[in-house]
Amino acid sequence: MTGPLVPFREIVLKVHSRCDLACDHCYIYEHADQSWRTRPKAISDEAISWTALRLAEHAKNHALPSVSVILHGGEPLLAGPARLRRVCEELTRALDGIAELDLRIHTNGLQLSPRYLDLFAEFELKVGISLDGDRTANDRHRRFADGRTSHPLVLRAVELLRQERYRHLYLGLLCTVDVANDPVAVYDALAELDPPRIDFLLPHATWDQPPARPDGSPTAYADWLLTIFDRWDSRGRPVPVRLFESLFSTLSGGPSLTESLGLAPTDLVVVETDGALEQVDSLKSAYEGAAATGFDVLRHSFDEVAAHPGVRARQLGLASVGETCRSCPVVRSCGGGLYTHRYRSPDGFDQTSVYCADLEALVRGVERRIGGELVPPAVVEPGALLADDQDVTRMLSGTLTGELADGGGPHWEDTWPLLVALDESGDVLDRLWGHPYTRVWLTDALTAVREERPEAPALLRRLPGRLAAALVLDGSGPELRVPRDEDGVLRLPAVGELRPGAGVGDAAGDKVPPGDTVVRPDGDGFLVTLPGRPVLRIPLEPEAAARVPGWRAVRPIGGRDGVPVLRLDDLDPYRDCYRTLAAERLTDEAVAEWDRLLADAWPLLLRAAPRQAAEAAGCLSTLTPLAAPTADRVPGPRTTGSGTEPGYGGLGLVRPSSPGEFAAGLLRGLRRAKLRALTRVGGLYAQDGEWRHPSPWHPEPVPFSVLLTEAYVRIGLAALEPDGAIGAAAALAALDRAPEPTAAGHRLLADLRAELDTHRVDSAGAGRPEPAGPEPSRG
């Protein structure tokens with residue numbers, strides 16, 4: 001087994017091994033493992049003490065912020081109030097100052113009374129009740145040994161929990177599915193009890209003892225659950241249902257919320273009444289001794305159990321399921337099903353779930369019903385994508401502020417309140433959050449602060465300059481005190497930089513004294529006051545600005561005959577974030593050449609790909625010239641903030657040699673930039689595994705992100721280079737079969753298929769892959 005040891009965060013503590021009901025579907029008493037017969041009825045004082053000690057030791061060793069302990073049985077209330085108090089006291093005492101303790105109890109409710117609930121309130125112990133629905137459904141299995149109904153007594157327990165003084169202890173209801181019951185009647189009966197949550201549980205079964213299917217349908221359980229989903233959905237989803245919420249999460253790229261679904265590693269261990277340490281209880285349905293580890297709390301630590309091969313087998317993510325499951329597109333949501341449900345003798349657990357068809361139908365059924373609501377507007381609306389990407393940068397600034405234990409220094413402390421006030425007053429700061437390299441700077445600063453790097457203070461000092469630049473471009477706002485960089489240069493990103501020295505100030509060649517520079521917006525320009533110098537006005541108009549000594553502006557290109565205006569940014573200190581190094585400051589002649597190429601390239605792009613050209617005109621703001629690789633300038637990632645991506649709207653290009661190459665470079669770079677932004681804000685795919693997929697453009701399988709990027713870029717480029725999309729149909733088929741796409745990812749893939757169809761690329765060309773050669777742009 002490989003991978004790090006996963007600590008236990010959930011402990012099931014068996015406080016009593018007998019029960020006062022005789023439920024015929026109970027996995028403890030009615031299934032293969034009958035070890036309950038040899039266990040003590042109640043947990044001993046010694047087992048309680050050792051459990052508390054081992055748990056505290058485990059939590060401390062792994063720095064766990066919290067642990068959950070679930071009191072279980074049999075029927076745990078049969079242990080009696082005195083023994084339950086001892087359990088609560090010992091656990092609370094042992095974990096005090098080490099980890100938060102989340103105490104819960106799962107009970108059939110028959111013994112529940114104010115005496116118990118007052119005790120539970122003292123320790124904030126939450127109560128979950130087992131109830132299978134209305135009386136008809138509940139009496140099908142949950143009866144006394146003499147056949148009497150338990151339903152009225154369970155309802156009485158629930159009503160106790162619903163009283164105002166105990167309501168905060170009400171954890172929810174647990175319902176075992178039986179497809180012989182009316183699903184609507186079951187759901188309505190449970191929902192009527194106003195539970196904080198409902199858990200629907202598939203009955204434990206294996207290939208040796210498969211679940212009942214009265215009508216022979218291979219998807220009977222999915223159909224039953226989807227009927228409840230429709231009822232729940234039509235009623236406005238009034239109560240959380242863990243099974244459905246888990247699917248919502250995994251379909252959005254998040255984690256599973258239940259052990260019965262998803263690929264999250266198991267972090268649960270069971271302590272029996274005799275102190276034996278066992279794996280998850282449901283394994284008792286497989287065979288005698290399936291849950292046993294050979295360890296106990298008296299002699300062994302939880303770490304020893306965590307390293308047990310049986311536990312480790314359920315901590316390996318995709319590697320923990322069989323080959324059939326690994327190639328199934330819904331495996332991230334179903335996780336191959338509950339480990340127990342895969343068992344078949346004599347082969348063990350290396351098969352699909354006995355509920356395989358049900359799980360696939362359930363996942364696909366839920367996605368079909370609600371997939372649209374899981375797709376962010378940014379996936380289908382370019383304008384929403386730009387706004388959402390700016391919000392990501394805005395939130396990044398808030399994260400950085402939250403990390404500044406010492407306030408971030410005077411410049412941050414003085415500027416941040418103004419920034420917050422301006423941000424709440426309107427969209428004036430869209431220029432700040434929308435600048436593609438604001439994100440790069442914030443990421444660098446956050447990394448430096450978290451890692452306590454010496455450059456952190458200097459990075460934080462750049463906030464006033466970036467805010468001042470946004471205000472200057474807006475043409476209004478208060479004056480700001482802006483520190484110059486260590487080299488004495490005043491930098492206003494997206495605007496330009498002032499290099500004090502010859503010709504700047506009142507004495508040529510005089511050094512400007514230390515101190516902040518004051519910057520104040522002034523309509524179509526701005527005022528700069530250097531320490532000890534007269535006020536200097538700098539216009540924004542390029543030709544006029546060029547006459548200001550020491551001022552170097554970020555120069556625009558385009559703006560004529562329908563060509564959008566772009567900033568040709570060769571100054572921003574954070575522009576060096578592409579896979580090719582940024583070029584040095586351009587000459588005026590070089591800028592003119594970029595302008596000419598853009599003017600000639602734009603009509604080509606507009607004619608070949610009008611929709612993409614319109615998107616580009618609405619989002620692209622900044623074009624950064626990149627340097628052609630040479631022996632002394634080797635392409636590579638940034639040395640700080642490695643892997644940092646610019647915000648949507650920024651693009652880096654090596655200067656193309658022709659308008660056609662420029663149009664292709666723009667389109668290629670825009671597609672890459674858009675996909676990066678979609679990945680950030682749209683949650684296109686889960687990023688919790690290194691799974692690889694066949695590619696028509698590479699000899700070996702590649703990660704999902706690589707295959708998606710190449711397909712996305714090639715399909716977009718087909719408007720200009722039709723042969724470049726050869727193989728895209730095969731790539732989309734591989735992406736569709738992959739487990740990573742979320743509901744948003746599936747929508748993107750559907751849009752890509754439609755886009756590919758418009759280019760009339762014959763999918764039969766998948767057998768003629770285009771070699772992946774070098775690209776002229778690295779956007």
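This note sets out, point by point, the architecture of a predicted model.

1. Overall dimensions. The protein has 779 residues, of which buried residues make up 55%. Its C-alpha atoms fill a box of roughly 100 × 65 × 50 Å, taken along the principal axes. The secondary structure consists of 26 helices and 22 strands. Among contacts between residues at least 6 apart in sequence, 72% join residues at least 24 apart.

2. Helices 1 and 2. Helix 1 spans residues 45-61 and helix 2 spans residues 81-95; their axes come within 9 Å and cross at roughly 25°. Helix 1 is therefore roughly parallel to helix 2, since angles under 35 degrees are counted in that class. The crossing of helix 1 past helix 2 is right-handed.

3. The contact between helices 1 and 2. On the side of helix 1, the contributing residues are D45, I48, S49, A52, L55, A56 and A59, and they meet R83, R86, V87, E90, L91, A94 and L95 of helix 2. By residue class, this contact of helix 1 with helix 2 comprises nine nonpolar, one polar and four charged residues.

4. Helices 7 and 8. A second helix pair is formed by helix 7 (residues 220-234) and helix 8 (residues 242-251), whose axes come within 11 Å and cross at roughly 85°. Helix 7 is therefore roughly perpendicular to helix 8, the range for that class being 65 to 115 degrees. L225, I228, F229 and W232 of helix 7 meet L243, F244 and F248 of helix 8. The residues of this contact divide into seven nonpolar, no polar and no charged.

5. The four-stranded sheet. Four strands form an open sheet with mixed pairing, in the order 17-18-19-20. Strand 17 (555-557) and strand 20 are the edge strands, each pairing on one side only. On average, and with direction ignored, neighbouring strands of this sheet are turned by 35° against each other.

6. Pairing of strands 19 and 20. Strand 19, residues 622-626, pairs with strand 20 in the parallel sense over five bridges. Two of the bridge partners can be named: T622 is matched with G650 in strand 20, and L623 is matched with L651 in strand 20.

7. Burial of strand 20. Which way do the residues of strand 20 point, and are they buried or exposed? G650, G652 and V654 point one way and L651 and L653 the other way, and all are buried. Strand 20 (residues 650-654) is thus listed as mostly covered, with five of its five residues buried. This edge strand pairs on one side only.

8. Helices lying across the sheet. Helix 17 (residues 436-450) lies across strand 18 (566-568), strand 19 and strand 20, and runs at about 70° to strand 19. Helix 21 (residues 588-608) lies across strand 17, strand 18, strand 19 and strand 20, and runs at about 25° to strand 17. Strand 20 is accordingly among the strands crossed by helix 17 and among those crossed by helix 21.

9. Residue L626. L626 is found in strand 19. Is L626 buried or exposed? L626 counts as buried because its relative accessibility is 5%, and the class covers values under 20%. In sequence, L626 and S35 are 591 residues apart, and in space the two are 70 Å apart, C-alpha to C-alpha.

10. The three-stranded sheet. Three strands form a further open sheet in the order 11-12-16, with antiparallel pairing. Its edge strands are strand 11 (490-492) and strand 16 (551-553), each of which pairs on one side only. The twist averages 10° from one strand to the next. Strand 11 pairs with strand 12 (residues 496-498) in the antiparallel sense over three bridges, and L490 stands opposite L498 in strand 12.

Technical notes. Residues are numbered from 1 along each chain as its sequence is written. This is a predicted model: local features need pLDDT of at least 70, side-chain atom pairs count only at pLDDT 80 or more; totals for chains, interfaces and linings use all residues. Side-chain values use heavy atoms; hydrogens and water are left out. Axes are lines fitted to C-alpha atoms, for helices over the stretch in contact, and angles run from 0 to 180 degrees between N-to-C directions. Angles under 35 degrees count as roughly parallel, over 145 as roughly antiparallel, 65 to 115 as roughly perpendicular and the rest as oblique. A crossing is left-handed if the near helix is turned anticlockwise from the far one by less than a right angle, and right-handed if clockwise. Contact means heavy atoms within 4.5 Å. Ala, Val, Leu, Ile, Met, Phe, Trp, Tyr, Cys and Pro count as nonpolar, Asp, Glu, Lys and Arg as charged, and the others, Gly among them, as polar. Buried means under 20% relative accessible area, exposed over 50%, partly exposed in between (1.4 Å probe, protein chains only). Two strands pair if DSSP finds at least two bridges between them.
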